[in-house]
Amino acid sequence: MVQAKRVALYAVVVFVLYTIINSPARAADLVQVGFEGISSAAQGVGEFMTELVN
């Protein structure tokens with residue numbers, strides 16, 4: 001089971017590296033979308049907490 005997880009992890013790492021090397025502009029766009037999503041989620045949590053306190 002541990003070896004299967006290790007193989008899956010290596011496959012994901014190879015895929016990510018291949019994507020970055022093959023099309024760096026697309027990879028940068030995906031990272032930007034991810035960070036925007038995290039930022040929006042954090043902002044939503046902050047607004048919820050602010051409204052909860054008020």
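Leu30 is found in helix α2, which covers residues 24-53 of this predicted model. The relative accessibility of Leu30 is 44%, so the residue counts as partly exposed; that class lies between the cut-off for buried, under 20%, and the cut-off for exposed, over 50%. A distance places Leu30 with respect to another part of the chain: its C-alpha atom is separated by 21 Å from that of Ala8, and the two residues are 22 positions apart in the sequence.

The other helix is α1, made of residues 2-22, and Val13 lies in it. Val13 has a relative accessibility of 39% and therefore also falls in the partly exposed class. Val13 takes part in a nonpolar patch on the surface, together with Leu9, Leu17 and Ile21. The area of this patch is about 400 Å².

Thr19 is another residue of helix α1. Its side chain reaches back to the backbone oxygen of Phe15, at a distance of 2.9 Å. Leaving aside residues up to four places away in sequence, Thr19 touches Pro24 and Ala27. Both of these partners fall within the range of helix α2, residues 24-53, while Thr19 itself belongs to α1.

From these residues the view can be widened to the whole chain. The secondary structure consists of 2 helices and 0 strands. The C-alpha trace extends over about 50 × 35 × 5 Å along its principal axes. The radius of gyration is 18 Å, whereas a compact globule of 54 residues would be expected to have a value near 10 Å.

Burial and surface composition complete the description. Of the 54 residues, 4% count as buried, a class that requires a relative accessible area under 20%. Leu30, at 44%, and Val13, at 39%, are both partly exposed and thus outside that class. The accessible surface of the chain amounts to about 4,900 Å². Carbon and sulfur atoms account for 71% of that surface. Part of the nonpolar surface is the patch described above, formed by Leu9, Val13, Leu17 and Ile21.

Conventions. Residues are numbered from 1 along each chain as its sequence is written. This is a predicted model: local features need pLDDT of at least 70, side-chain atom pairs count only at pLDDT 80 or more; totals for chains, interfaces and linings use all residues. Side-chain values use heavy atoms; hydrogens and water are left out. Patches are made of residues with over 30% relative accessible area and no salt bridge: like charges are joined within 9 Å, nonpolar side chains (Val, Leu, Ile, Met, Phe, Trp, Tyr) within 5 Å. Accessible areas come from the Shrake-Rupley method with a 1.4 Å probe; for residues, only the protein chains shown count as cover. A salt bridge is a side-chain nitrogen of Lys or Arg within 4 Å of a carboxyl oxygen of Asp or Glu. Helices (H or I, at least four residues) and strands (E, at least two) are DSSP runs, numbered from the N terminus. Buried means under 20% relative accessible area, exposed over 50%, partly exposed in between (1.4 Å probe, protein chains only). The radius of gyration is taken over C-alpha atoms; the globule rule is 2.2 Å times the number of residues to the power 0.38. A polar contact is a pair of N or O atoms within 3.5 Å; within protein, one must be able to donate a hydrogen and the other to accept it, and residues adjacent in sequence count only if both atoms are side-chain atoms. Contact means heavy atoms within 4.5 Å.
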